[in-house]
Amino acid sequence: MNLLQIQEAVNDLGTVATETAAQPTEFKLSILELATKGGWIMVVLAVLSIIAVYIFIERYITVSRATKYDNGFMERIREYMKEGKLDSAKALCRGNSTPISRMIEKGLSRIGRPLNDINSAIENVGNLEVAKLERGVSILAMIASAAPMIGFLGTVTGMIRAFYNMSMAGNNIDIELLSSGIYEAMVTTVGGLIVGIIAYFFHAIISTKIQKVVNLLEAKATEFMDVLNEPA
């Protein structure tokens, strides 16, 4: 019985060892290590992502400041205009230093001219203020469009490398020989799509905030013209 038990124990150990050897070894690959396998294309995508983040943060802060508005600003402008205190109204505009205040200040400086001239001057200042807010936003749109295409370029170059290595290997084709090209093809595709999607959302967020400023400028320009049209 002892010999039989020993033989069964040995068989069990052999079975466990065989199952352990059959289990594949798991390798963990960090995101940074995976990104480096994308080749030089990933460097280009990294630079584009840094530019997109910088533009988004800078524009977000700038546009957020432009949206700040004192609810009593136009009411005080109205009172100064009714009292004939144009210098006080202009000083109030200079003290606010916002797109709305600069637009109204231009309108105040044109008082005495035809209403069409005043309206045109206000519109010109409003357009200039919006153009300042939109500075750099077009680059976000370009990155959103270009990043996926650059990623697909990496896909093509990676597959070319894989097929080239395959042709040079002849009958000694090894998966490790093809892995570098396949990694480049897959990683650059994912990287380009990620950068493009992020830049797209950045562009959409900034464009929405700028549109709110445009709507606010139009509303306040109309309100200012209404004050001018009020009877003395």
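**Ring cluster**

I looked up the aromatic rings and found that ring pairs link Phe56, Tyr60 and Phe202 into a cluster. The model is predicted; local features need pLDDT of at least 70, side-chain atom pairs count only at pLDDT 80 or more, and totals for chains, interfaces and linings use all residues. Residues are numbered from 1 along each chain as its sequence is written, and side-chain values use heavy atoms, with hydrogens and water left out.

The pairing rule takes rings of Phe, Tyr and Trp (for Trp, the six-membered ring) with centres within 6.5 Å; planes under 30 degrees apart are stacked, over 60 edge-to-face, and the rest tilted. I count three aromatic pairs by this rule. The ring centres of Phe56 and Tyr60 are 5.7 Å apart and the planes stand at 40°, so I enter the pair as tilted.

Both Phe56 and Tyr60 belong to helix α3 (residues 40–67), four residues apart, about one turn of the helix. Helices here are DSSP runs of H or I with at least four residues, strands are E runs of at least two, and both are numbered from the N terminus.

I then checked accessibility, where buried means under 20% relative accessible area, exposed over 50%, and partly exposed in between (1.4 Å probe, protein chains only). Phe56 is buried because its relative accessibility is 16%, and Tyr60, at 36%, is partly exposed.

Tyr200 and Phe201 make an edge-to-face pair, 5.9 Å centre to centre with 75° between the planes. Tyr200 is exposed, since its relative accessible area is 53%.

Which residue lies over the face of Tyr60? I find Lys209 there, 4.8 Å from the ring centre. A charge counts as over a ring if NZ of Lys or CZ of Arg is within 6 Å of the ring centre and within 35 degrees of the ring normal.

**Nonpolar core**

I next looked up the largest nonpolar core, meaning a set of buried Ala, Val, Leu, Ile, Met, Phe, Trp, Tyr and Cys residues joined through side-chain atoms within 4.5 Å. It has 44 residues, of which Phe73, Ile77, Ile104, Leu108, Ile210 and Phe224 touch the most other members. Elements giving two or more residues to this core include α3, α4 (73–83), α8 (137–169) and α9 (175–229). Helix α9 gives the most, with 14 residues.

I listed the contacts of Ile77 (heavy atoms within 4.5 Å). Apart from neighbours within four places in sequence, Ile77 touches Ala89, Leu92, Cys93, Ile104 and Leu108.

**Val190**

I found Val190 in helix α9. Val190 is partly exposed, at 48% relative accessibility. Its C-alpha atom is 7.2 Å from that of Gly151, and the two residues are 39 apart along the chain.

**Whole chain**

I count nine helices and zero strands in the protein. Buried residues are 32% of the 232 residues. Of contacts between residues at least 6 apart in sequence, 76% join residues at least 24 apart.

**Confidence**

I checked pLDDT, the predictor's confidence in each residue, from 0 to 100. The protein averages 78, and 72% of the residues score at least 70. Where is confidence lowest, and where highest? The lowest mean, 47, is in helix α1 (residues 2–22), and the highest, 90, is in α3. Residues 1–7 have pLDDT below 50, and this stretch makes zero contacts in the model beyond near neighbours in sequence. I note likewise for residues 16–27 a pLDDT below 50 and zero contacts beyond near neighbours in sequence.
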